[in-house]
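Colleague: Could you pick one part of this model and take me through it closely? I'd like to hear how it starts, how it ends and what it touches.

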Amino acid sequence: MAFEEKRAWIMVLVTVGSYAAYLGVVLRRHEGAAPLAQTSYAFPLLWTVGAAIVTQIALNITVAIVSPEGANTKDQRDREIHRFGMYIGQSFIVIGGVAGLVLAMVRADQFWIANAIYLAFVLSAILSSSAKIVAYRLGFHPW
């Protein structure tokens, strides 16, 4: 397995895990009678994002130490697959930005704006990494 594919797998697993942890914390804090938008979300959001960043860095370093072959080298194919995945993932960044703008224009609660943008970042990371994994597994054929 190429080192960059390992990194894509790490990104998918850490992203899904951290978002699941965020949802778990926020939904546990939610009190049944109150609207969900009144639930405290900023602290869990910041902590799960920060923990995801630190976890991904630590796992990438660990994988590079455990299997150092190819850790510091990228060939043309790796660069093209990375670019391909990032282009695909960027669509959700744009969707999240537009969703945040629309929610702000209709004066939605900050809870919904923040969560829409966070979900877009999560979906972007998952889609981008999944596209890279598929390209490595099934072959990559640039246009």
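Modeller: A quick definition before the fold: helices here are DSSP runs of H or I with at least four residues, strands are runs of E with at least two, and both are numbered from the N terminus. Keep in mind, too, that this is a predicted model. With that in place, the chain reads α-α-α-α along the sequence, with four helices and zero strands. Its C-alpha trace spans about 55 × 35 × 20 Å along the principal axes, and 32% of the 143 residues count as buried. Among contacts with a separation of 6 or more, 80% come from residues 24 or more positions apart. As for confidence, the mean pLDDT is 90, with 97% of residues at 70 or more.

The part I'd pick is α4, which takes in residues 110-138. Its 29 residues reach 41 Å from first C-alpha to last, close to the 42 Å expected at 1.5 Å a residue. UniProt, in an unreviewed entry, lists residues 112-135 as one of the transmembrane regions. In the model that span is 100% helix and 0% strand, and its end C-alpha atoms lie 34 Å apart.

Let's start just upstream. The loop between α3 and α4 holds Arg107, and what is its phi? It's near 60 degrees, a positive value in a residue other than glycine. That's worth a second look because most residues other than glycine have a negative phi. Arg107 counts as exposed because its relative accessibility is 76%, and the cut-off for exposed is over 50%. Next comes the cap: Asp109 sits at the N-terminal end of α4, with a side-chain oxygen 2.9 Å from the backbone nitrogen of Phe111.

Phe111 then takes us into the core. The largest nonpolar core is made up of nine residues: Tyr19, Tyr22, Val26, Ala37, Tyr41, Leu45, Phe111, Tyr118 and Val122. Both α1 and α4 put in at least two residues each. Tyr41 is a handy one to click on: leaving out residues up to four places away in sequence, it touches Tyr22, Val26, Gln110, Phe111, Ala114 and Asn115. Two of those partners, Tyr22 and Val26, turn up again around Pro44, which also touches Val25 and Arg29 on the same sequence cut-off. Pro44 itself belongs to helix α2, and it counts as buried because its relative accessible area is 5%, where buried means under 20%.

Further along α4, have a look at the two serines. Which residues does Ser128 contact beyond its neighbours within four places in sequence? They are Gly85, Met86 and Gly89. Gly85 and Gly89 are among the buried residues of α3, along with Asp78, Ile81, Gly96 and Gly100. Ser128 is buried too, because its relative accessibility is 5%.

Ser129, also in α4, has another set of partners. Leaving aside neighbours within four places, Ser129 is in contact with Ala8, Met11 and Val12. At a relative accessible area of 3%, Ser129 is likewise buried. For orientation, α1 runs over residues 3-29, and UniProt's list of transmembrane regions in that unreviewed entry includes 7-25. Over residues 7-25 the chain is 100% helix and 0% strand, with end C-alpha atoms 27 Å apart.

Seen from the other side, the buried residues of α3 pack against α1 and α4. α3 has 30 residues and reaches 44 Å, close to the 44 Å expected for a helix with that many residues. On confidence, α3 (residues 76-105) has the lowest mean in the chain, at 90, while α2 (residues 42-66) has the highest, at 94.

Finally, the far end: α4 is followed by Gly139, whose phi is positive, near 100 degrees. So if you trace α4 yourself, go from the Asp109 cap through Phe111, Tyr118 and Val122 in the core, then on to Ser128 with its α3 glycines and Ser129 beside it in the helix, and stop at Gly139.

Terms used: Residues are numbered from 1 along each chain as its sequence is written. Side-chain values use heavy atoms; hydrogens and water are left out. Buried means under 20% relative accessible area, exposed over 50%, partly exposed in between (1.4 Å probe, protein chains only). Contact means heavy atoms within 4.5 Å. pLDDT is the predictor's confidence in each residue, from 0 to 100. The expected span of a helix is 1.5 Å times one less than its number of residues. A nonpolar core is a set of buried Ala, Val, Leu, Ile, Met, Phe, Trp, Tyr and Cys residues joined through side-chain atoms within 4.5 Å. UniProt positions are given in the numbering used here, feature names are shortened, and annotations may be inferred rather than shown by experiment. A polar contact is a pair of N or O atoms within 3.5 Å; within protein, one must be able to donate a hydrogen and the other to accept it, and residues adjacent in sequence count only if both atoms are side-chain atoms.
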